[in-house]
Amino acid sequence: MITKIIHSLFLSCKKATLFIELNNGNNLNVLQKIRLKTHLKICKYCKSYEEKAQRIDRVLNNELHSVNIKNTNELEEKIKKRILGSE
Ligand SMILES: [Zn+2]
């Protein structure tokens with residue numbers, strides 16, 4: 001109940017996930033960052049989404065900078081394994 005009220009006052013989960021994606025590209029202004037941080041403090045679902053999005057970004061950045069891309073299937077498999085945590 002309280003979480004619902006806070007969500008509607010501060011930021012919806014839909015908007016929070018959009019802000020998370022924008023924030024990864026550094027495209028949020030100060031007010032948006034504060035609203036996102038507040039939302040992430042009270043919403044475990046969006047916090048979890050943020051962690052996964054950051055992990056995917058890290059893996060993709062590492063792979064794209066460290067691999068000579070000739071075989072995209074091999075790259076895709078490597079990225080899947082990294083994201084799922086089995087490598
Ligand atoms: Zn949320």
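In the predicted model, the exposed residues Val30, Leu31, Ile34 and Lys41 lie on the face of helix α3 that is turned away from its buried side. The buried residues of this helix are Leu36, His39 and Leu40. These three residues sit on the same side of α3, because the arc they cover around the axis is only 100°. Such an arrangement follows a general rule: an α-helix has 3.6 residues a turn, so residues three or four places apart point the same way. The length of α3 was also examined. At 1.5 Å a residue, its 13 residues should span 18 Å, and the end C-alpha atoms are 19 Å apart, which agrees.

Helix α3 belongs to a protein with five helices and zero strands. Along the sequence, the elements follow the pattern α-α-α-α-α. Of the 87 residues in the protein, 11% are buried. Among contacts with a separation of 6 or more, 53% join residues that are 24 or more positions apart.

The largest nonpolar core has eight residues in all: Leu11, Ala16, Phe19, Ile20, Leu36, Leu40, Cys43 and Cys46. Two elements, α2 (13–24) and α3 (30–42), each give two or more residues to this core. Helix α2 provides the largest share, three residues. A general tendency applies here: in soluble globular proteins, nonpolar side chains tend to be buried together. Alanine 16, one of the core residues, is in contact with Leu11, Leu36, His39, Cys43 and Cys46 when its neighbours within four places in sequence are left aside.

Helix α2 was then considered in its own right. Its buried residues are Ala16, Phe19 and Ile20. Seen down the axis of α2, the buried residues fall within an arc of 105°, so they line one face of the helix. For the 12 residues of α2, a span of 16 Å is expected at 1.5 Å a residue; the end C-alpha atoms are 17 Å apart, which agrees. Just after α2, asparagine 26 takes a positive phi of about 60°.

Two further residues of α2 illustrate its links to other parts of the chain. Cysteine 13, which is placed in α2, is partly exposed, because 13 other C-beta atoms lie within 10 Å. Cysteine 13 and histidine 39 are 26 residues apart in sequence, and their C-alpha atoms are 8.1 Å apart in space. Histidine 39 is itself one of the buried residues of α3. Glutamate 21 is also found in helix α2. With 14 other C-beta atoms within 10 Å, glutamate 21 is partly exposed. From glutamate 21 to glutamine 54, the separation is 33 residues in sequence and 9.0 Å in space, C-alpha to C-alpha.

Two residues of helix α4 were examined in the same way. Arginine 55 is located in α4 and counts as partly exposed, because it has 13 C-beta neighbours inside 10 Å. The C-alpha atoms of arginine 55 and isoleucine 83 are separated by 7.2 Å, although the two residues are 28 residues apart along the chain. Leucine 60 is likewise part of helix α4, which covers residues 44–66. Leucine 60 counts as partly exposed, with 14 C-beta neighbours inside 10 Å. Between leucine 60 and arginine 82 there are 9.4 Å from C-alpha to C-alpha, while the two are 22 residues apart in sequence.

The remaining helix described here is α5, which runs over residues 72–84. At 1.5 Å a residue, the 13 residues of α5 should span 18 Å, and its end C-alpha atoms are 18 Å apart, which agrees. Helix α5 is hardly covered, as the count of buried residues among its 13 residues is zero. Just after α5, glycine 85 takes a positive phi of about 80°.

Conventions: Residues numbered from 1 in each chain as written. Predicted model: local features only at pLDDT ≥ 70, side-chain atom pairs only at ≥ 80, totals over all residues. Helix = DSSP H or I, 4+ residues; strand = E, 2+ residues; numbered from the N terminus. Expected span 1.5 Å × (residues − 1). Buried ≥ 20, exposed ≤ 12 C-beta atoms within 10 Å, placed from the backbone. Core = buried A, V, L, I, M, F, W, Y, C linked by C-beta atoms within 7 Å. Contact = placed C-beta atoms within 7 Å. Arc of directions from axis to C-beta.
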